[in-house]
Structure formats: C-alpha cells, structure tokens
Amino acid sequence: MARSNPDAAQVSAAPVATAPRMRLLPRGANAKLVVGGVLLLLLIAVAAAAPWIAPYRFDEMSILNRLKPPSLRNWFGTDEFGRDVFSRTLMGARLSLMMGFAATAVSLAIGVPLGLWAGYRRGRVDEIIMRSTDVLLSFPPIMLGLLMLAVTPPALWKLIIAVGIVYVPSTVRLTRSVTLDLAGEEFVQAARARGEGTPYILRAEILPNAWPPIMVEASLRVTFAILLGAALSFIGLGAQPPSSDWGLMISEARPLIDRAPWVALAPGIAMGITVVAVNLLGDGLREALDPRMQKKGG
C-alpha cells in the first residue's frame with residue numbers, strides 16, 4: 001500500500017498565485033455607466049451640432065416631395081409638408097434634451113433646499129413642507145402638468161417650469177430622507193458642537209454627502225421629464241409648430257401612421273435611444289455610488 005506524501009499534499013493545497021486582472025474600467029465604473037454615458041454624450045454632441053450636420057433646414061417645405069419614403073436623398077423620408085424627417089429629428093434632439101435637463105434642474109433647484117430644510121429642522125416646518133408635497137403627489141404627473149399649462153398660452157419655457165414643478169415633490173422627499181439619515185452622523189454633531197449655524201451645516205456638511213443619491217435620482221428624472229414633455233407636446237400644450245420637438249412630430253404623424261410610418265418611427269426611435277441611454281447612466285451611477293450595490297457586486 002502506497003504511503004501518501006504530506007509535503008505533496010501541502011503543496012497541492014497551497015493557493016496558486018495568479019496574475020492580477022487588468023481593470024478595463026476605472027474603479028467605481030461599470031459597463032452600464034460607461035455605455036450610458038457614451039450614448040448620452042453622443043446624443044448631446046449630435047444635438048449641439050444639429051444645425052450644422054442636418055442636410056436641410058428643419059422647416060424647409062417642398063410640396064413636390066411630400067411623404068417620400070427613406071432614400072439616399074432623405075434618409076428618414078419626408079413628412080406631409082415635404083420636410084426632411086432626418087433634419088427634424090436631429091433638431092428635435094435639442095428641444096427634448098433641453099427639456100429633460102432644464103426641467104430636472106428646476107426640480108433640483110426647488111426640491112433640494114426644501115428637502116434639506118425639512119429633514120434637518122423637523123417640527124412644524126417639516127409638516128408644512130411634507131403635507132404640501134403630499135397634495136402635489138396626489139395628482140398624476142400628466143394631470144398636474146395639464147393644470148399648470150392649460151390656463152396660459154403654450155410656450156417652451158412654461159413647459160420646462162411646469163415639468164420641473166411636477167417632479168419637485170419626489171425630489172423633496174428623497175432629499176429629506178437622506179438628510180434625516182445624515183443629521184445624526186458624528187460630523188454633523190461636531191459641527192453643532194462648534195456652534196455652526198443651520199445654513200452652514202446644510203451647505204457644507206449635509207449637502208456634499210447627500211449629492212450621490214440625489215444625482216442618481218436626478219439622472220432618472222431626466223428620462224421622465226423628456227417623456228412627460230413629449231406627452232404634453234403631443235396633446236398640443238408644449239412645443240408648437242413649426243418646432244421639431246419629438247412629441248410634436250409624433251402627434252403630427254399620427255394621421256399618417258398607415259401611409260407613412262417613417263414619419264413617426266424616426267422621432268419615436270430617437271426618443272427610445274435617449275431613454276435607454278439615460279436609464280443605463282442612472283443604473284450605472286447607482287451601482288457605482290451605492291455601497292449596498294457595491295457589496296453585492298463584490
């Protein structure tokens with residue numbers, strides 16, 4: 001009977017050293033963050049350069065070229081007025097992206113200070129702010145947007161403000177929740193012990209630590225703002241003709257969907273790509289900034 005060699009067993013049980021794996025992405029980054037960020041940057045670049053890369057003016061009409069299918073001359077075809085759908089889709093990216101980012105900025109500018117103040121001061125101030133947000137949350141977003149736009153003539157800046165206000169309540173609630181968690185941390189208690197005032201503590205101690213979850217939520221709100229702005233333009237309360245907003249383009253193409261589907265498909269696909277890019281960026285930010293997600297990934 002052969003005897004086992006203990007030295008050999010120890011050697012076989014020892015861990016085998018392996019070469020360190022090369023990181024394809026910087027620490028904290030992930031595939032969703034990179035893909036979403038690259039797609040969004042490309043969309044922003046295309047939107048910024050739209051007046052120079054569009055083959056035709058977005059409002060240039062040609063009755064002789066009405067409802068032409070996609071071709072080498074008109075890549076996405078033409079609409080009922082002979083306007084180039086590709087050029088209008090490119091120009092529509094400017095309005096839709098501006099709508100998403102500007103409306104989100106409005107919601108952050110109003111909601112973050114209110115959420116910080118409510119979460120830190122508590123008491124009657126908290127009750128007033130939170131009950132006010134509950135009233136706004138009781139309305140569906142599209143209905144709230146309709147209420148704010150139906151009483152005045154439509155305009156793009158009014159649409160941006162209305163959509164931004166629609167998402168103020170959710171921003172307030174998120175900011176308040178994060179502030180409640182941070183208010184009991186040691187660095188906040190130390191600032192109180194030093195005699196720092198409330199504005200300083202909110203600005204210098206709580207806000208820098210509250211930004212990561214707020215920015216993740218804001219990146220996703222861009223998607224909702226784009227879709228809500230397109231929906232309001234679709235029903236005639238947003239961008240007005242001859243603008244090339246994607247929602248307005250789909251509304252104008254609705255009677256032509258059976259004869260010229262390309263008129264509606266182009267802005268619809270562009271909107272879908274934008275939503276996917278922003279959602280990927282938001283999911284990637286959440287995985288990169290949320291410690292719980294990092295532990296699961298590890």
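## A methionine to start from

Met-143 has its place in helix H6. This is a predicted model, and in it Met-143 is partly exposed, with a relative accessible area of 39%.

Met-143 also belongs to a nonpolar patch on the surface, which it forms with Val-135, Phe-139, Ile-142, Leu-147 and Ile-235. Together these residues have about 510 Å² of accessible area. Which helix gives the most to the nonpolar patch? That is helix H6, which spans residues 141-149 and supplies 3 residues.

## The chain as a whole

Stepping back, you will find 13 helices and 0 strands in the secondary structure of the chain. Read from the N terminus on, the elements run α-α-α-α-α-α-α-α-α-α-α-α-α.

The chain has 298 residues, and buried residues make up 42% of them. Among contacts with a separation of 6 or more, 72% come from residues 24 or more positions apart. As for the outside, the accessible surface of the chain comes to about 16700 Å². Carbon and sulfur atoms account for 66% of that surface.

## Salt bridges, buried and partly exposed

How many salt bridges does a search of the whole structure find? The search finds 15, and a few of them are worth a visit here.

Let's begin with Asp-79 and Arg-83, whose side chains meet in a salt bridge at 2.8 Å, N to O. Are Asp-79 and Arg-83 buried or exposed? Both are buried, which means that each has under 20% relative accessible area. The pair also has company: Asp-79 and Arg-83 are linked with Arg-88 and Glu-252 in a network of salt bridges.

A second pair to look at is Glu-127 and Arg-131, which form a salt bridge with their closest N and O atoms 2.8 Å apart. Both sit in helix H5 (residues 123-137), and because they are 4 residues apart there, about one helical turn separates them. Here the surroundings are more open to view: Glu-127 is partly exposed, with a relative accessible area of 43%, and Arg-131 also counts as partly exposed, at 40% relative accessibility.

Finally, Arg-194 forms a salt bridge with Glu-196, and the closest N and O atoms of this pair are 3.5 Å apart. Glu-196 counts as partly exposed, at 31% relative accessibility.

Terms used:
Residues numbered from 1 in each chain as written. Predicted model: local features only at pLDDT ≥ 70, side-chain atom pairs only at ≥ 80, totals over all residues. Heavy atoms only, no water. Salt bridge = Lys/Arg side-chain N within 4 Å of Asp/Glu carboxyl O. Buried < 20%, exposed > 50% of the residue type's maximum accessible area, 1.4 Å probe, protein only. Helix = DSSP H or I, 4+ residues; strand = E, 2+ residues; numbered from the N terminus. Contact = heavy atoms within 4.5 Å. Areas by Shrake-Rupley, 256 points an atom, 1.4 Å probe, with all protein chains shown as cover. Patch = residues over 30% accessible without salt bridge, like charges linked within 9 Å, V, L, I, M, F, W, Y side chains within 5 Å.
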